[in-house]
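Student: I'd like to go through this protein with you and ask how each label is earned. Could we look at it together?

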Amino acid sequence: MAGPWARYDPWAAPTAVAPLQQADPVEEDVKRRRGRRRRALVGGALVIALVSGVAGGVVGVQLERNGGIGAVELPQAGVEAPDRDPDSVAGIAAQALPSVVTLHVSGGGKAGTGTGFVLDDRGHILTNDHVVEPAGKNGDITVTFHSGDTAEATVVGRDSGYDLAVVRVKGVRGLTPLPLGNSDNVQVGDPVVAIGAPFDLAGTVTSGIISARERPITAGGEDGDGSDVSYVDALQTDAPINPGNSGGPLLDGKGRVVGINSAIRSADGGLDPEGGQSGSIGLGFAIPINQGKRVAEELIEHGKAAHPVIGITLDMAYSGDGARVAAEGGDGGPPVSTGGPGAKAGIRPGDVITEVDGRPVRSGEELIVKTRAHRPGDRLELTLERNGEERTVSLVLGSSDGD
């Protein structure tokens with residue numbers, strides 16, 4: 001190929017080349033070099049400006065974020081002592097949590113979670129009957145302590161009418177019983193703390209107040225024959241209680257147990273020991289500890305608890321105000337047991353009981369609740385109506401072994 005590049009051999013020895021003949025070559029070269037310099041200077045200036053702009057932006061962002069160059073350190077409170085006032089919620093919780101346990105129960109294709117608390121150093125733990133019910137006779141009960149340690153438990157005694165049960169763990173040392181208060185001293189508005197395992201979240205602490213006392217409630221009834229219905233003259237609280245809190249302690253302002261959390265009012269208006277799976281709406285109910293203490297003592301000593309009875313059969317279909325004595329006995333016998341407390345007091349079939357110890361009774365369930373709040377041997381004053389006339393009778397409660 002013709003032209004100078006065709007004859008170019010990069011490996012050949014250099015040869016003499018005649019200078020090119022161009023008009024004013026020196027002036028042209030100077031202009032070109034100056035132009036190239038200007039372009040290089042301009043290009044360099046652009047690069048420097050671009051780099052400077054990027055660097056300036058990064059530095060500006062850092063300054064804006066961190067307020068300066070160097071380590072970031074925000075103001076924070078220093079370490080404080082963990083101790084709290086013993087009467088505060090935190091102080092009560094710190095004292096009580098080691099004595100509160102979580103129960104995992106299974107058997108017969110059913111399983112559940114509940115709460116309990118230590119009664120003594122012999123391993124007795126109080127909880128709700130409906131918590132241990134899934135275990136039946138051959139199921140498993142595992143107790144988990146606040147420390148994370150676990151132990152197998154066996155049922156010592158249970159009573160569905162009171163919705164209370166006592167289980168026992170063996171081989172566990174260092175148990176600290178929770179101090180028991182007196183539920184008769186509780187007043188509406190008193191602060192309370194509830195501890196339990198709602199939805200298996202062990203060691204959950206909530207607080208609130210006593211919303212009402214002597215609130216007659218009935219819970220259970222899933223078996224259909226009434227054998228699992230519990231009757232409680234309950235303490236009402238707005239401390240959040242959810243499924244899994246059942247059996248846990250309700251503590252007063254000094255950390256003493258005044259109730260055993262047992263039921264909640266569900267959002268659909270039903271009342272159930274576990275409240276279905278609905279959440280707390282601020283209507284929780286606890287078995288008064290005075291009743292719980294008596295029943296627990298009997299369960300530990302005898303394996304069952306005695307129920308106070310009047311010795312009458314109630315007409316549970318009666319829709320009027322009060323509790324009416326049935327015309328016939330439920331088991332084919334007389335509606336007023338021969339020789340029973342009611343018969344000795346002169347109660348007759350068809351009588352409507354309207355008050356117990358001067359307090360109104362609005363239904364048969366409420367009369368059972370008011371009766372169960374007492375011990376066998378306690379004396380009751382009953383106001384009743386017969387043929388439009390009001391009269392008052394006095395009787396001493398009898399005893400019937402719980403199922």
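Student: What makes R324 count as partly exposed?

Tutor: Happy to start there, keeping in mind that this is a predicted model. R324 has a relative accessible area of 31%. Buried means under 20% and exposed over 50%, so R324 falls in between and is called partly exposed.

Student: Why is D315 called partly exposed?

Tutor: The reasoning is much alike. Its relative accessibility is 24%, and because the buried class lies under 20%, D315 is partly exposed.

Student: How do you know that D315 and R324 form a salt bridge?

Tutor: Their side chains meet at 2.7 Å, N to O. The limit is 4 Å, so the pair qualifies.

Student: What makes E389 and R391 a salt bridge?

Tutor: Here the closest N and O atoms are 3.9 Å apart, which is within 4 Å, so this pair counts too. R391 itself is partly exposed, at 33% relative accessibility. By this rule the count comes to twelve salt bridges.

Student: Which residue forms a salt bridge with R294, and how are the two placed in helix α4?

Tutor: The partner is E298, with the closest N and O atoms 3.2 Å apart. The two are four residues apart in helix α4, so about one helical turn separates them. Both R294 and E298 are buried.

Student: What does α4 give to the largest nonpolar core?

Tutor: It supplies four residues, the largest share of this core. The core has 27 residues, and L126 is among those that touch the most other members.

Notes:
Residues numbered from 1 in each chain as written. Predicted model: local features only at pLDDT ≥ 70, side-chain atom pairs only at ≥ 80, totals over all residues. Heavy atoms only, no water. Core = buried A, V, L, I, M, F, W, Y, C linked by side-chain atoms within 4.5 Å. Buried < 20%, exposed > 50% of the residue type's maximum accessible area, 1.4 Å probe, protein only.
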